[in-house]
Protein chains: 2
Amino acid sequence: MSDFTAVDHFIENHLEDSLAELTRLCAQPSVAAQNWGLQETAQLVSEMLRKRGFRVEIMPTDGAPVVFAERAGKRKDKTLLFYDHYDVQPPEPLELWESPPFEPTLRDGKLYARGVSDNKGNLTARLLALDALLAKEDKLPCHVKFVIEGEEEIGSVHLPAFIEENRELLAADACIWEFGDVDFEEAPIQYVGLRGICYVELSVETAESDVHSGLGGSIFPNAAWRLVWALNTLKDQEERIRIPGFFDPIVPYTRRDEELLAALPDPAEEYKTRYGVKAFLKGLSGGLDLRLAEVFEPTCTICGLTSGYQGQGSKTVLPAKASAKVDFRLLPNQTPRQVIEQLRAHLDAEGFSDVEIAFLGGGPAARTDPDDPFIQLVVATAAEVYGLPMKIVPMVGGSGPNYPFVHVLGQPVATAGCGYPGSHAHAPNENIRLDLYVKHAKHVVRILKAFSEE
Amino acid sequence: MSDFTAVDHFIENHLEDSLAELTRLCAQPSVAAQNWGLQETAQLVSEMLRKRGFRVEIMPTDGAPVVFAERAGKRKDKTLLFYDHYDVQPPEPLELWESPPFEPTLRDGKLYARGVSDNKGNLTARLLALDALLAKEDKLPCHVKFVIEGEEEIGSVHLPAFIEENRELLAADACIWEFGDVDFEEAPIQYVGLRGICYVELSVETAESDVHSGLGGSIFPNAAWRLVWALNTLKDQEERIRIPGFFDPIVPYTRRDEELLAALPDPAEEYKTRYGVKAFLKGLSGGLDLRLAEVFEPTCTICGLTSGYQGQGSKTVLPAKASAKVDFRLLPNQTPRQVIEQLRAHLDAEGFSDVEIAFLGGGPAARTDPDDPFIQLVVATAAEVYGLPMKIVPMVGGSGPNYPFVHVLGQPVATAGCGYPGSHAHAPNENIRLDLYVKHAKHVVRILKAFSEE
């Protein structure tokens, strides 16, 4: 067992330097959706790693470049891979920010900036942890690699192919994921699975131009009606997804998953307060049933609808075009390709061959065994830092590119990070709490040591 | 019988002046749906009438003011009322206009601008007709009144009450309606009936804010889904309106209606070419069946859909709000109030008490007897101007506030105007043909003379 007194002091004493580095990083916009500042940020991140003795490559893809970095350690037979991303969400709506999104601002023990939580803060906290280890010894305890992409916020479009092509370079025994957080009880959380996603746009065009609704209402096809009827066949009023075969490949959750979910606090009240939702679907009121439904059911969500006149008041128009953004969250063994094929067959069978499907991105679900030794190591090392046992969440509702890490590289993937329920990731006033930033750095030190001592 | 050589020459020789006046009028935006420029346009129209010796009043309503104007004529016992409107449809989508909607532009014998056809062009053509008559004699042949409202494009919200309150002021022996046109065979058309309309906005709100779709997809209510399901209950895929009692009050069409419709040309090919529609609804292919369905069936049309993310690419959001604009076209004896009540009861019965209904405007259907002497006068005078007999259409698909004119003021209402099938009323590139503009002015001269000589 290691003694962490010295490294912990180092982390506390060098917090200011680390925040200065994080401030420089957050002051550099890197909005993937707007192709804004990605090359510059890849350079900045590379310099941060090179300064610490890493061999760094900025590797091109068909989109934003991937920064790969590695540094040998005392143990040559053990490699830990950190997955991070240097891109951030768009800062809009700007008027809701209390300080400008790209002018990092410290207020009440929190640092506010776009991307500070998701996930630039985790990256610099990890570097602070490495600094602390390197201050004590001139070598890291094991081989450390970083893969830092620039398209996470737009669906990691080119990452799966990049991983396929660089299996050897990215080889490692385990992976620390880009995010991690504490829950509203301040308990650290270990997320071992992410649902997959298949995001599509459905569109219909019934004529070359809109028609006066007085003229065409009873004789011309209406794109908005076609879209409504087509959507209605996808999911019924009782929330049952009606696409044949959709559920077939799903691997059911286990007794162990249920056990893990049952140990988590009931999120019902938190959800109601935070989002102003009066009631949950399907008569759910909270507890295990709500938790199970939340993550172990696939979804079919309308994310957006658009057709015809949407301004104030009335306009008597019969729309020639209508479209919907629809997002399916997938469970293990479902794939976006399967969903697209089933969706096409279903729409055709229901008489909606005129409804076009455009695939806007996605990837399958993936999970790491909650009882994997690496997961247990990350969980065990968290307890000392956070003063509360880390809770294991067997599956989370959101999605990310963990599939190629788990199934192509064959790595167990564990989460750790400085997020908390008030981080406002993807929203105005994104922030991190400095106390959790320090805790994340301390946790990373312990993970690296324990991993190297195994 | 009058000799029209001199007035016709006057009209032809003063076309340029009249178009200059029309250009000024169309350059002034007057979008009722956006409450844009209505007062200014009412002033502009008032000045145009005052200049011609009319006594003009700008009369307030609870919405846009009504311009009333009158001028005595040689015959004091005969009054003709012109109904026009100074408001126009919203110009959107702007990117589809070949010249800016509020910069009237002359191209190939056509004047392009928002509102130029519907119905600012008819108003100035009517004034040109009066100018021609007043150039020859210092009095108009009969008493002439204008009632020009500013809310026609949003359903004439305040006009019925205005008419109720001003029966004496608006008293007349007959009314010329705001629109009129030729068909694709260049034959002038007489529309003696207008369907009613009930325009509503349906909206649902399921939470206080949007939720990340990864979090909420399977447990949080989704406003877009609620809206889709509610709409789906209104009309089925076979185009059957499913609201109980909706059809009950309808007065069926007569043998005379059928006879008049059968005399009209088949519009099928024209519709397909003009709008790029491949097939009509309900297996209709053309002829009398298409004509009957077009105007003697009530409708339920989605005019617009809006919810969640509608930009480029994907955003994983679960919408808290969704809304649809829906327009019902009504047949004689149906009323907007009845429709709203039936719609509310239907949505409640189908489990959609959460879907709110906002009434955005409308009024019942109304018809003038196709064999009324005034209709016959307008039809007869058209033949000489257009060189083709005017065809009588017993009912038209569109709507307008003719109910209070027919049923409160007791006036026969006849249509006349400079529209044509390529006018693009309510759409980008709205335009009038100058030859038809001249013809409308000449027709109005003849109507006034014949009406005064009766």
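Which residue stands opposite L80(A) in β7(A)? I started my notebook there, and the partner turned out to be A174(A). Before going on, I noted that this is a predicted model.

**Entry 1: around β3 of chain A**

I stayed on the strand pair I had just opened. β3 (residues 73-85) and β7 (residues 174-176) of chain A pair in the parallel sense, over 3 bridges. I then checked L81(A), whose bridge partner in β7(A) is C175(A). L81(A) also has a bridge partner in β6(A), namely K145(A). So I looked at that strand too. β6 of chain A covers residues 140-149, and 9 bridges join it to β3(A), again with the strands running parallel.

Next I wrote down the whole sheet. It is an open one of 6 strands in chain A, in the order β1-β2-β6-β3-β7-β19, and its pairing is mixed. Which strands stand at the edges? I found β1 (55-59) and β19 (413-414) of chain A there. Each has a single partner strand, so one side of each has no neighbour in the sheet. A reminder to myself for when I look at the strands: in a regular strand, side chains alternate between the two faces of the sheet.

**Entry 2: domains of chain A**

I looked up how chain A is divided. Domain 1 takes 5-194 + 366-453, and domain 2 takes 196-253 + 296-363. Taken over C-alpha atoms, the centres of these two domains of chain A are separated by 36 Å. How many residues does each domain give to the contact? I have 9 residues from domain 1 of chain A and 8 residues from domain 2 of chain A. On the domain 1 side, I sorted the residues into 5 nonpolar, 3 polar and 1 charged.

**Entry 3: chain A against chain B**

I moved on to the other chain. In chain A, 67 residues are in contact with 71 residues of chain B. Several elements give two or more residues to the chain A side, including α7 (223-234), α10 (287-295), β13 (299-308), β15 (321-330) and β16 (356-363). Which element gives the largest share? That is β13(A), with 9 residues. By class, I put the chain A side down as 29 nonpolar, 28 polar and 10 charged.

I followed β13(A) across to chain B. β13(A) pairs with strand β12 (residues 299-308) of chain B in the antiparallel sense, over 5 bridges. One spot I marked is T306(A), which stands opposite T306(B) in β12(B).

Then I asked how the copies are related. Chain A can be laid on chain B by a turn of 179° and a shift of 1.9 Å along the axis, with an RMSD of 1.6 Å. The same surface serves both copies, since 96% of the contact residues of chain A recur in chain B.

**Entry 4: the nonpolar core**

Which residues touch the most other members of the largest nonpolar core? I noted L227(A) and L227(B), out of the 283 residues in that core. I listed the contacts of L227(A), leaving aside its neighbours within four places in sequence: L202(A), V204(A), S307(A), A322(A) and A324(A).

**Entry 5: backbone oddities**

I kept the exceptions for last. Most residues other than glycine have a negative phi, and most peptide bonds are trans.

- The peptide bond from E92(A) to P93(A) is cis, with omega near 0°. I placed P93(A) in the loop between β3 and β4 (105-107) of chain A.
- D118(B) and N119(B) are also joined by a cis peptide bond, with omega about -10°. N119(B) is found in helix α4 (residues 116-136) of chain B.
- K282(A) is not a glycine, yet has a positive phi of about 55°. K282(A) sits in the loop between α9 (268-275) and α10 of chain A.
- E186(B) is another residue other than glycine with a positive phi, near 70°. I found E186(B) in the loop between β8 (181-182) and β9 (188-191) of chain B.

Are the last two buried or exposed? K282(A) is partly exposed, because 14 other C-beta atoms lie within 10 Å. E186(B) counts as partly exposed as well, with 14 C-beta neighbours inside 10 Å.

How values were computed
Residues numbered from 1 in each chain as written. Chains lettered and ligands numbered in written order. Predicted model: local features only at pLDDT ≥ 70, side-chain atom pairs only at ≥ 80, totals over all residues. Contact = placed C-beta atoms within 7 Å. Helix = DSSP H or I, 4+ residues; strand = E, 2+ residues; numbered from the N terminus. Nonpolar A, V, L, I, M, F, W, Y, C, P; charged D, E, K, R; others polar. Pairing = 2+ DSSP bridges. Least-squares fit on C-alpha atoms with pLDDT ≥ 70 in both. Domains from an automatic or database assignment. Buried ≥ 20, exposed ≤ 12 C-beta atoms within 10 Å, placed from the backbone. Core = buried A, V, L, I, M, F, W, Y, C linked by C-beta atoms within 7 Å.
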